[in-house]
Amino acid sequence: MHLTWLRSDLRIDDNTALSAATERGPTVALWLVSPGQWRAHDDADCKVDFWLRNLRDLRQALEKLNIPLLIRKIDTWDQAPQAVLDVCQQHQVQSVHWNEEYGINEQRRDAATRKLLEKASVQAHSYLDQLLFRPGTILTRSGDYFQVFSQFKKTCLEHLHLSLPALARRVKRQAALKIHSDPIPQHIDGFEKTPRALREHWPAGEAHAQQRLSQFLDETIDDYLKTRDLPAMPGTSQLSPYLAAGVISPRQCLHGALAANKGEFDSGSTGVQTWVNELLWREFYKHILTGYPQVSRHRAFRSHTEALPWRDAPGDLEAWEQGRTGFPIIDAAMRQLLHTGWMHNRLRMIVAMFLSKNLLIDWRKGERHFMRHLIDGDLAANNGGWQWSASTGTDSVPYFRIFNPVSQSQRFDPQGRFIRHWLPELRDIDEKTIHGPMKSTDLFAGNSYHNPIVDLGSSRQRALEAFKGLPRR
């Protein structure tokens, strides 16, 4: 008997560990419920619900292949090694197979599990699966991890031109086992129930993820370069929740994109080229997580920025979290996050820079708020994006380049369509006025929109002075 330990890989097709296990013989699958760990990682209620919904879909698919899905509950990952070993001993498992994960807690968990299994004479096998390249194989000439995305991307594309990462072999139906699948919990105590509208916005299942990819490749990707920054348009793939949970793989995305572009990386459709860049950004931040583990420990990548004089301003932080800053594009974006568990990528940069620069509030507070609400919450991508915006991270925006939310709004939501959708109180404001901060006296009678909580000019200057005052590296 062999065991596949499922984690952020909730699919059957192109699942490296599942494929490898089933090729060895009869296989069972395992999922560990670990609510204490999820809370420690600030995993969002809607993300946990998304896992459970995808698990229910996956269980049905596994049962058609006669692969039972076992569920075991622990609290935190320090209990994971014993839980896996207990299953192995209960079902006479010879080998355990899992796909690699890259946060520092994930790596410690897997190392401890491997040690305990091998001590008990159970083989442990781990596989590259959620990345195109194993961290440590894409390095500078001096043997270091890349710190600049453009150089990382160039090296990745050179490797991809030589050979594409192959999809895992399809999993075949096995003979029925005398083991029954366990029920999937409907709800996990300590996590709030997800509203129906949010669930309907993000349907579960591998088939839906594949359908979403196909539709994006057929209808949207050629215009991706033009439309990806316009939040009022469906110009992005919206596959990030499915990638984060492993309901679809980056290899499937890459193969699909290239098939849509006659196999080309750097010619043909500019939309395909740009989207492949986005897949490589995701890859880059996972490599950073491995090469520079301090970012897993809530530390700035650029250590000298730890001396920044962040403001303790709970009122401003709360106004930002709730979408009450008085800046329409910021407030509309934050309300999108609260209602859908997702935020358009251009808006993630705008609101992150507003918090870390204009409000001079520690980027870690914004990072935590995002993780607590994002259905696609991913440590590497979320941390990388926040540190980029706050100018504390690798390859980050220069500290003196501070997005102006008003001009960003005028540029990327010129007619105010996105703002009006999320801020119905501004629905009757004209296109010119709707982008800027407004005092309540400027608006029609009875309007309850908020006064701006900060002056853009003076707050920008405050941020510049804070960065200029840092000790030299």
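Angles over 145 degrees between helix axes count as roughly antiparallel, and angles under 35 degrees as roughly parallel. These cut-offs are applied below to a predicted model.

The protein contains 20 helices and five strands. A compact globule of 473 residues would have a radius of gyration near 23 Å, and the value for the protein, 23 Å, agrees with this. The C-alpha trace spans about 75 × 50 × 45 Å along the principal axes of the protein.

The strands are considered next. Five strands form an open sheet in the order β3-β2-β1-β4-β5, and their pairing is parallel. At the edges of this sheet lie β3, residues 69-73, and β5, residues 123-127, each of which pairs on one side only. On average, neighbouring strands of the sheet are turned by 25° against each other, with direction ignored. Strand β4 covers residues 95-99 and pairs with β5 in the parallel sense over five bridges. Within this part of the sheet, His97 is placed opposite His125 of β5.

Three helix pairs were examined. Two packed helices are described by the angle between their axes and by the distance between those axes. Helix α11 takes part in two of the packings described here, with α8 and with α12.

In the packing of α11 with helix α12 (residues 270-291), the angle is about 165° and the axes are 10 Å apart. The two helices, α11 and α12, are therefore roughly antiparallel to each other. Their crossing is left-handed. On the α11 side the contact is made by Pro250, Cys253, Leu254 and Ala257, and on the α12 side by Val272, Trp275, Val276, Leu279 and Arg282. Sorted by class, the residues of this contact comprise eight nonpolar, no polar and one charged. The charged residue is Arg282 of α12.

Helix α8 (residues 206-219) packs against α11 (residues 250-259) at an angle of about 30°, with the axes 10 Å apart. Helices α8 and α11 are therefore roughly parallel to each other. The crossing of α8 and α11 is right-handed. Gln210, Leu213 and Leu217 of α8 make the contact with Gln252, Cys253, Gly256 and Ala257 of α11. This contact of α8 with α11 consists of four nonpolar and three polar residues, with no charged residue. Cys253 and Ala257 of α11 take part in the contact with α8 and also in the contact with α12.

The third pair is formed by helix α14 (residues 328-340) and helix α15 (residues 345-358), whose axes come within 10 Å and cross at roughly 115°. This angle makes α14 roughly perpendicular to α15. The crossing of α14 and α15 is left-handed. From α14, the contact involves Ile329, Ile330, Ala333, Met334 and Gln336, and from α15 it involves Leu347, Ile350, Val351 and Phe354. By class, the contact of α14 with α15 holds eight nonpolar residues, one polar residue and no charged residue. The polar residue is Gln336 of α14.

Note on methods. Residues are numbered from 1 along each chain as its sequence is written. This is a predicted model: local features need pLDDT of at least 70, side-chain atom pairs count only at pLDDT 80 or more; totals for chains, interfaces and linings use all residues. Side-chain values use heavy atoms; hydrogens and water are left out. Axes are lines fitted to C-alpha atoms, for helices over the stretch in contact, and angles run from 0 to 180 degrees between N-to-C directions. Helices (H or I, at least four residues) and strands (E, at least two) are DSSP runs, numbered from the N terminus. Angles under 35 degrees count as roughly parallel, over 145 as roughly antiparallel, 65 to 115 as roughly perpendicular and the rest as oblique. A crossing is left-handed if the near helix is turned anticlockwise from the far one by less than a right angle, and right-handed if clockwise. Contact means heavy atoms within 4.5 Å. Two strands pair if DSSP finds at least two bridges between them. The radius of gyration is taken over C-alpha atoms; the globule rule is 2.2 Å times the number of residues to the power 0.38.
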